[in-house]
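I opened this one to see how the chains are put together and which residues sit in odd places. These are my notes, in the order I looked things up.

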Number of protein chains: 2
Amino acid sequence: MISVEEAQEAILSRIQPLGRTRVPIVEALGRVLAEDVRSPRDIPPWPNSAMDGYAVRAQDVAQASKERPATLRVVEEVRAGFEAKRALGPGEAIRIMTGAPIPRGADAVVLVEETEKAGRDEVRIFLAVPPGEAVRAAGEDVREGATVFSAGVRLNAAAVGMLANLGRPTVHVYQKPRVAILSTGDELLDLGETPKAGQIFNSNSYALAAQVIEAGGDPVPLGIARDNAEDLERHLREGLSADLVVTSGGVSVGDFDLVKGILGGLGSEMHFWRVRMKPGKPMAFGTLQGKPVFGLPGNPVSTMVSFELFVRPSLLKMQGWSRLFRSRVEARLLHPMRKSPERRHYVRSVAARREEEWTVQAVEAQGSNILHSMVRANALVVFPEFETKLEAGAKVQALLLEEGSALAAAPEQVTGAGALVSAR
Amino acid sequence: MISVEEAQEAILSRIQPLGRTRVPIVEALGRVLAEDVRSPRDIPPWPNSAMDGYAVRAQDVAQASKERPATLRVVEEVRAGFEAKRALGPGEAIRIMTGAPIPRGADAVVLVEETEKAGRDEVRIFLAVPPGEAVRAAGEDVREGATVFSAGVRLNAAAVGMLANLGRPTVHVYQKPRVAILSTGDELLDLGETPKAGQIFNSNSYALAAQVIEAGGDPVPLGIARDNAEDLERHLREGLSADLVVTSGGVSVGDFDLVKGILGGLGSEMHFWRVRMKPGKPMAFGTLQGKPVFGLPGNPVSTMVSFELFVRPSLLKMQGWSRLFRSRVEARLLHPMRKSPERRHYVRSVAARREEEWTVQAVEAQGSNILHSMVRANALVVFPEFETKLEAGAKVQALLLEEGSALAAAPEQVTGAGALVSAR
């Protein structure tokens, strides 16, 4: 058996970022930039007024006060979107609105609240202001030629706004991986069909599709392959048009487990592993015609946890992410736990935070077929390979599956939660 | 001036969840359920084998050991997806695969590793097992008739799998709000056009569209309205086909600020507020023909922070969320900060976590026109209304805008970060 880290390393060393694609900037939200972006001009492009008021020469109002206002001649009015037609001369003021370019000759703006109109074309200024007052300098946000974003950065909403600021309608980002999803098993039934004896609904394809979407990929459902070589091979070949293939079921030691054989038979390099973990353990990974192929175990929880640990980081790497793994916190365990040695357990748990402390509590049923345990969990507690017991109060590592829910939950909300529903 | 909390309360008391819509279960990922979901049958539907092995009567192997194996007659083989044709009699075993229904008459499964074939149709059993061994009980995951999910729950990937488990192809969730987005200003230019003197690109529409998407809504871009009554009114009326309208610009005291007048003029209840906050302050909110309308300030950072505090919680409430606000952590401030009293500042900051402690550091430029500050921030530090200084080391409240990035960053990665690019 190999460790989780050995499996992750073997997998990730064979995964490369996909190519880049040009998308409208709003579609680039949350994706990783695949080019350096420089600013074609200063932002703002010219000095402009931070306020509504009067553009003046600071020296003309240097003596102004409430008691002895300076009186200036208002020669023009300029609002955002336009330029003053003339330069400001001595003793002159130009009415100016927020965002409008500072007129030539002016070097400061006096807030409208510090002024008073005097007759038709004069204004009284009640406040002395230094040069630069209420003036936003050209290039104050971004300088012409500056590298605003480097390739490899993930774009947030403000970054989308910044790209618009630069006048960019589109930008290069890494492609989203298309992920072919195949469930295997004679017992599986498609949704909408009526179950016969011995049949259960195919749930893995749907849970995996949801996990693919959460990891930024596009799921390509291949349906259900029956436990025979022809059907399996046909479906797998279909999957090779995607960027990555995930199968569930058919990798354990049973007589009817064919996926392993087919994967090996189609050529290329395949590894069939027993990974020192629970849930999960049997897994196949390799590349078929250059495409990564994951053979995950078939029990619903094993499938999801294996996806979490091995497929999700691969999908993030394909999209150019540098942070491939979940946030990990140190948390206080609320109850004792026991297990046998050798395999590391990933215990489905509810993590919660109060002030600066994190707590974790396992959800009740931990069988690898008990999907409702995964519904309720927002974290996986790492119960180390060679440990057999953890006492109540022990400090443990927890991988946060839902950072928001874990940060928001107070421990009293989750302690003793017995319902099936998620506490979010 | 009113407080942020007063504005939030006034707004949220006027926002109701939208109606429900039926979607395929994979599309329900991350959305809030708008119906109670009960299980139509036990999951699993029948007792089944947890392992590959032999289904037996426990009493037939009660004396079995490595030295004195029990020998049973193998009468059938059953794999997942099928049912045994006959009931198990005394002295008999049925070869069984993981997931296959337990044959009538059998009450335990012996792992294949604990057995050995003996001739054509016999098996030697080396281990005594109790009744129920390696048998998954019917209804062990979910009982028939149980409420698996209640309306109001947000669906995670495992929940999507669980719905498939129940045989549900579709489910009712709350509708996504369609959000009309309008930028106002004569100075604004559409992307792809060539700037003339005094013109800047419309960035607010794009940043707002990205914020709408992050909050689960569908943006409906209305483009740019010029600073005249006709153009504004025409665009606003167009926006009323959406579920909510957001405008940016045109709500401050300037002579050319018309949005306020138009909104008031179109009838219905409108509030024009000065909110005790910075960035932001002037804001309009009301309902026009039953649709919530937000008039946000025009400076890019003010627009985004106002969206964050007022529009985002409204969109989440429309989608049935119960947790409307960002996660808040107590963090240690890495440097002193000063401000004038009266308005609460939301200081764009980088939050990071080391072990159990959070730290925050303001990004350099805090002008409300400096969009790159918002690009770098992953948190907003709350600098209370009536405080004027915070010392280095002070404990402050921080709203996490990007929980993942804040949880992942170590303080040394962000201290002194001077580049424009986000540290994620």
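**Entry 1: odd backbone spots**

I started with Gln289(A), in a model that is predicted. Gln289(A) counts as exposed, because it has 10 C-beta neighbours inside 10 Å and the cut-off for exposed is 12 or fewer. I found Gln289(A) in the loop between β20 and β21 (291-296) of chain A. Its phi is near 50 degrees, a positive value in a residue other than glycine. I noted that because most residues other than glycine have a negative phi.

Then I went to Lys281(A), which sits in the loop between β19 and β20 of chain A. Lys281(A) is not a glycine either, yet it has a positive phi of about 155 degrees. Is Lys281(A) buried or partly exposed? I counted 18 C-beta neighbours inside 10 Å, so Lys281(A) is partly exposed.

Pro279(A) is in the loop between β19 (277-278) and β20 (282-288) of chain A. The peptide bond that leads from Lys278(A) to Pro279(A) is cis, with omega near 0 degrees. I checked chain B as well: Lys278(B) and Pro279(B) are joined by a cis peptide bond, with omega about 0 degrees. Pro279(B) lies in the loop between β19 (277-278) and β20 (282-288) of chain B. I flagged these bonds because most peptide bonds are trans.

**Entry 2: how the chains relate**

Next I wanted to know how chain B maps onto chain A. A turn of 180 degrees and a shift of 0.0 Å along the axis lay chain B on chain A with an RMSD of 0.0 Å. So this is the relation of a two-fold axis. Both copies use the same surface, as 100% of the contact residues of chain B recur in chain A.

How many residues does the contact take from each chain? It takes 86 residues from chain B and 86 residues from chain A. On the side of chain B that touches chain A, the elements giving two or more residues include α2 (157-165), α3 (204-214) and α6 (300-318) of chain B. Sorted by class, that side of chain B has 44 nonpolar, 23 polar and 19 charged residues.

**Entry 3: the core**

I looked for the best-connected residues in the largest nonpolar core, which has 208 residues. Val160(A) and Val160(B) touch the most other members. I listed what Val160(B) touches, leaving out residues up to four places away in sequence. From chain A there are Tyr206(A), Ala207(A) and Ala210(A). From chain B there are Ile25(B), Val26(B), Ala28(B), Leu29(B) and Leu155(B).

**Entry 4: one helix, two sides**

I picked helix α4 (residues 229-239) of chain B and asked which of its residues are buried. They are Leu232(B), His235(B), Leu236(B) and Gly239(B). They span an arc of only 100 degrees around the axis, so they are on the same side of α4(B). On the other side of α4(B), I found Glu230(B) and Arg234(B) exposed. The cover over the buried residues of α4(B) includes β13 (178-184), β16 (218-225), β17 (244-248) and α5 (259-265) of chain B.

**Entry 5: two more residues**

Phe310(A) lies in helix α6 (residues 300-318) of chain A. It counts as buried, because it has 24 C-beta neighbours inside 10 Å. Phe310(A) and Ile11(A) are 299 residues apart along the chain, but 7.5 Å separates their C-alpha atoms. Setting aside residues up to four places away in sequence, Phe310(A) touches Ala7(A), Gln8(A), Ile11(A) and Phe294(A).

I then tried His335(B), in the loop between β22 (328-333) and β23 (337-338) of chain B. With 13 other C-beta atoms within 10 Å, His335(B) is partly exposed. Apart from neighbours within four places in sequence, His335(B) is in contact with Gln361(B) and Ala392(B). His335(B) and Ser302(B) are 33 residues apart in sequence and 24 Å apart in space, C-alpha to C-alpha.

**Entry 6: domains**

Last, I looked up how chain A is divided. I got domain 1 (4-17 + 176-318), domain 2 (31-43 + 143-173), domain 3 (48-136) and domain 4 (328-414). Taken over C-alpha atoms, the centres of domain 1 and domain 3 of chain A are separated by 69 Å.

Notes: Residues are numbered from 1 along each chain as its sequence is written. Chains are lettered from A and ligands numbered from 1 in the order in which they are written. This is a predicted model: local features need pLDDT of at least 70, side-chain atom pairs count only at pLDDT 80 or more; totals for chains, interfaces and linings use all residues. Copies are superposed by least squares on the C-alpha atoms of residues with pLDDT of at least 70 in both. Two residues are in contact if their C-beta atoms, placed from the backbone, lie within 7 Å. A residue is buried if 20 or more other C-beta atoms lie within 10 Å of its own, exposed if 12 or fewer, and partly exposed in between; C-beta atoms are placed from the backbone. Helices (H or I, at least four residues) and strands (E, at least two) are DSSP runs, numbered from the N terminus. The arc is that of the directions from the helix axis to the C-beta atoms. Ala, Val, Leu, Ile, Met, Phe, Trp, Tyr, Cys and Pro count as nonpolar, Asp, Glu, Lys and Arg as charged, and the others, Gly among them, as polar. Domain bounds come from an automatic or database domain assignment. A nonpolar core is a set of buried Ala, Val, Leu, Ile, Met, Phe, Trp, Tyr and Cys residues joined through C-beta atoms within 7 Å.
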